[in-house]
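Welcome! Let us take a friendly walk through this structure, starting with the whole and ending with a few single residues.

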Amino acid sequence: MTVKEMADACGWKLLAGEDGQDNQAEGCYVGDLLSWVMGRAQAGNVWLTVMGNLNAIAVAALADTSCIVLCEDAALDADAQKRADMQGIPVYSCTPNLYETAVQVYEQLK
Amino acid sequence: MRELSLNVMDIAQNSISAGASLITIAVEEDRPGDTLSITISDNGKGMSPEQVEHVTDPFFTTRTTRSVGLGVPLFKMEAEMTGGSFSIQSKLGEGTTTAAVFKPSSVDMIPLGDINDTINMLVMMNPQLDFVYTRKLRPETGEEREFALRTTELREVLGEDVPLNAPDVTLWVKEYLAENTAELLGEAPDA
């Protein structure tokens, strides 16, 4: 399924990176320590985190994740938003925490 | 990164790529002041003011194999997340100094990790380059302590025929760093 379909099903709000909404969601990765995520998230993963800074966009670009979901209403920095738009990396926001969101993603990917 | 010593390795690799012949690494811990400072200086080709301005932007890199460089941006972020600070000073033709100051009491502090292993690896993998490594500690009570490893001094003792990556040299450096670090930190040496 595309990340847009996933976002609609889970009730996420799009913050940036509209052009990438047709990316295919394949698997999921959860983590906030960017250097850790960089080496472990797989291409196509839906990445759940609370890190909404420019470095997080760079990690998503490097690891080729299908999107970023900022859980617990974590904020997205202005420069990160701009760069996510430029790179076409969808960034979504949601209120549930990382665990609850991971469960939602699991249900959708089942 | 999960250990600050990995950041040191990463920044030192930048110095090597910049053609440095001397790299100075200083780790200074001030316990009463609650700071841990890591400074890496080199005499490489340096950067223009424009490059310095962009070096903390992960989407700005001199790398040609990919378009994202996270070494410097992550080091800066890690320092600032603890309430510390970060700076880079550079001059074309003279070299670059990268300095990160951490607040070790912060919940977001990342452990220093095996800095001795990082230093030993750098020396072993770059026997043609010179390194100065200094480590200082200002304890809660008592006097400031420090020690240094200078590869120029090693070269003088060893003579020209023994490379710095000879196995015996690597082993000696490992033990020298381990003994001096234990003494500096006031840990009892292994019985």
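What share of the contacts in chain B with a separation of 6 or more comes from residues 24 or more positions apart? The share is 61%. Keep in mind as you look around that this is a predicted model.

Let us stay with chain B and its overall form. Its C-alpha trace spans about 50 × 45 × 25 Å along the principal axes. For a compact globule of 191 residues, a radius of gyration near 16 Å would be expected, and the 17 Å of chain B agrees with that. Of the 191 residues in chain B, 47% are buried. Looking at the outside instead, the accessible surface of chain B amounts to about 10000 Å², and carbon and sulfur atoms hold 49% of that area.

Next come the building blocks. Chain B contains six helices and six strands. If you follow the sequence from start to end, you meet them in the pattern α-β-β-α-α-β-β-α-β-β-α-α.

Now zoom in on one pair of those strands. Strand 3 of chain B covers residues 85–91, and strand 4 of chain B covers residues 95–102. The two run antiparallel and are joined by seven bridges. At one place in this pairing, B:Lys91 stands opposite B:Gly95, a residue of strand 4 of chain B. Together the two strands make a hairpin with three residues between them. In that hairpin, B:Gly93 adopts a positive phi near 80 degrees.

From the hairpin, move along chain B to helix 4, which takes in residues 115–125 and includes B:Met121. Is B:Met121 buried or exposed, or does it fall in between? Its relative accessible area is 31%, so B:Met121 counts as partly exposed, given that this class lies between the limits of 20% and 50%. B:Met121 also has company: with B:Met124 and B:Met125 it forms a nonpolar patch on the surface. Together, these three residues offer about 240 Å² of accessible area.

Our last stop is in chain A. There, helix 2 spans residues 34–40, and A:Gly39 lies in it. A:Gly39 has a relative accessibility of 63%, so it counts as exposed, because the cut-off for that class is over 50%. Finally, try finding A:Gly20, which is 19 residues from A:Gly39 along the chain. The C-alpha atoms of A:Gly39 and A:Gly20 are separated by 22 Å.

Definitions and conventions:
Residues are numbered from 1 along each chain as its sequence is written. Chains are lettered from A and ligands numbered from 1 in the order in which they are written. This is a predicted model: local features need pLDDT of at least 70, side-chain atom pairs count only at pLDDT 80 or more; totals for chains, interfaces and linings use all residues. Side-chain values use heavy atoms; hydrogens and water are left out. Two strands pair if DSSP finds at least two bridges between them. Helices (H or I, at least four residues) and strands (E, at least two) are DSSP runs, numbered from the N terminus. Patches are made of residues with over 30% relative accessible area and no salt bridge: like charges are joined within 9 Å, nonpolar side chains (Val, Leu, Ile, Met, Phe, Trp, Tyr) within 5 Å. Accessible areas come from the Shrake-Rupley method with a 1.4 Å probe; for residues, only the protein chains shown count as cover. A salt bridge is a side-chain nitrogen of Lys or Arg within 4 Å of a carboxyl oxygen of Asp or Glu. Buried means under 20% relative accessible area, exposed over 50%, partly exposed in between (1.4 Å probe, protein chains only). The radius of gyration is taken over C-alpha atoms; the globule rule is 2.2 Å times the number of residues to the power 0.38. Contact means heavy atoms within 4.5 Å.
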